[in-house]
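Have the sequence and the coordinates open side by side before reading on. The paragraphs below go from the whole chain to single residues.

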Amino acid sequence: MLVIGLILLVLQLAQQVTRAPEGVAQYVGTFTSPIDLPAGGNVVVGLVTAAASTERALRLRYSRLLDGGVG
């Protein structure tokens, strides 16, 4: 769930940054996110991502996927 939340955040931030005509948009063009969630969907994904990251932080478990392949 953390990865999904991060991907959605990056897509939405890229869309917002390239939306302004000055600045980044004049150099790289505009970006339109392929996923367009309504406000309620963004709130739900944000809450679930926050809960997943809190659970991950409180358990302090090692994961090869999240913590790197060494160990």
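What follows treats the overall make-up, then a helix, and then four individual residues.

The model is predicted. Its average pLDDT is 78, and 87% of the residues score at least 70. Confidence varies between elements: helix α4 (residues 64–67) has the lowest mean pLDDT, 70, and α3 the highest, 84. Where pLDDT is low, the predicted coordinates should not be read in detail.

The protein contains 4 helices and 0 strands, and along the sequence the pattern reads α-α-α-α. Of its 71 residues, 13% count as buried. The exposed area of the protein is about 5,600 Å², of which carbon and sulfur atoms supply 68%. Among the contacts with a separation of 6 or more, 34% join residues 24 or more positions apart.

Helix α1 covers residues 2–17. Does its length fit, or not fit, the expected rise of 1.5 Å a residue? The 16 residues should span 22 Å, and the end C-alpha atoms are 22 Å apart, so the two values agree.

Which residues of α1 are buried? They are G5, L8, L11 and Q15. These residues cover an arc of only 130° around the axis, and therefore lie on the same side of α1. An α-helix has 3.6 residues a turn, so residues three or four places apart point the same way. On the other side of α1, V3 and L6 are exposed. The cover over the buried residues of α1 includes α3.

L13 also belongs to helix α1. With a relative accessible area of 46%, L13 is partly exposed, because this value falls between the limits of 20% for buried and 50% for exposed. L13 and S33 are 20 residues apart along the chain, and their C-alpha atoms are separated by 9.2 Å.

T49 sits in helix α3, which runs over residues 39–59. Is T49 buried or exposed? Its relative accessible area is 18%, which is under the 20% limit, so T49 counts as buried. Leaving aside residues up to four places away in sequence, T49 touches M1, L2 and G5. G5 is one of the buried residues of α1, and α3 is part of what covers them. The side chain of T49 also has a polar atom 2.7 Å from the backbone oxygen of V45.

The next residue, T18, lies in the loop between α1 and α2. T18 counts as buried because its relative accessibility is 7%, under the 20% limit. Which backbone oxygens lie by the side chain of T18? The side chain reaches the backbone oxygen of A14 at 2.9 Å, and one of its polar atoms lies 3.5 Å from the backbone oxygen of Q15. Q15 is itself among the buried residues of α1. Not counting residues up to four places away in sequence, T18 touches V24, A25, V28, G29, T30 and F31. Of these contacts, V24, A25 and V28 fall within the range of α2, residues 24–28.

T30 is placed in the loop between α2 and α3. At 63% relative accessibility, T30 is over the 50% limit and therefore counts as exposed. T30 touches T18 and A25, again without residues up to four places away in sequence. The contact between T18 and T30 thus pairs a residue in the loop between α1 and α2 with a residue in the loop between α2 and α3. T18 is buried at 7%, whereas T30 is exposed at 63%. T30 and R19 are 11 residues apart in sequence, and their C-alpha atoms are 6.1 Å apart in space.

Terms used. Residues are numbered from 1 along each chain as its sequence is written. This is a predicted model: local features need pLDDT of at least 70, side-chain atom pairs count only at pLDDT 80 or more; totals for chains, interfaces and linings use all residues. Side-chain values use heavy atoms; hydrogens and water are left out. Helices (H or I, at least four residues) and strands (E, at least two) are DSSP runs, numbered from the N terminus. Buried means under 20% relative accessible area, exposed over 50%, partly exposed in between (1.4 Å probe, protein chains only). A polar contact is a pair of N or O atoms within 3.5 Å; within protein, one must be able to donate a hydrogen and the other to accept it, and residues adjacent in sequence count only if both atoms are side-chain atoms. Contact means heavy atoms within 4.5 Å. Accessible areas come from the Shrake-Rupley method with a 1.4 Å probe; for residues, only the protein chains shown count as cover. pLDDT is the predictor's confidence in each residue, from 0 to 100. The expected span of a helix is 1.5 Å times one less than its number of residues. The arc is that of the directions from the helix axis to the C-beta atoms.
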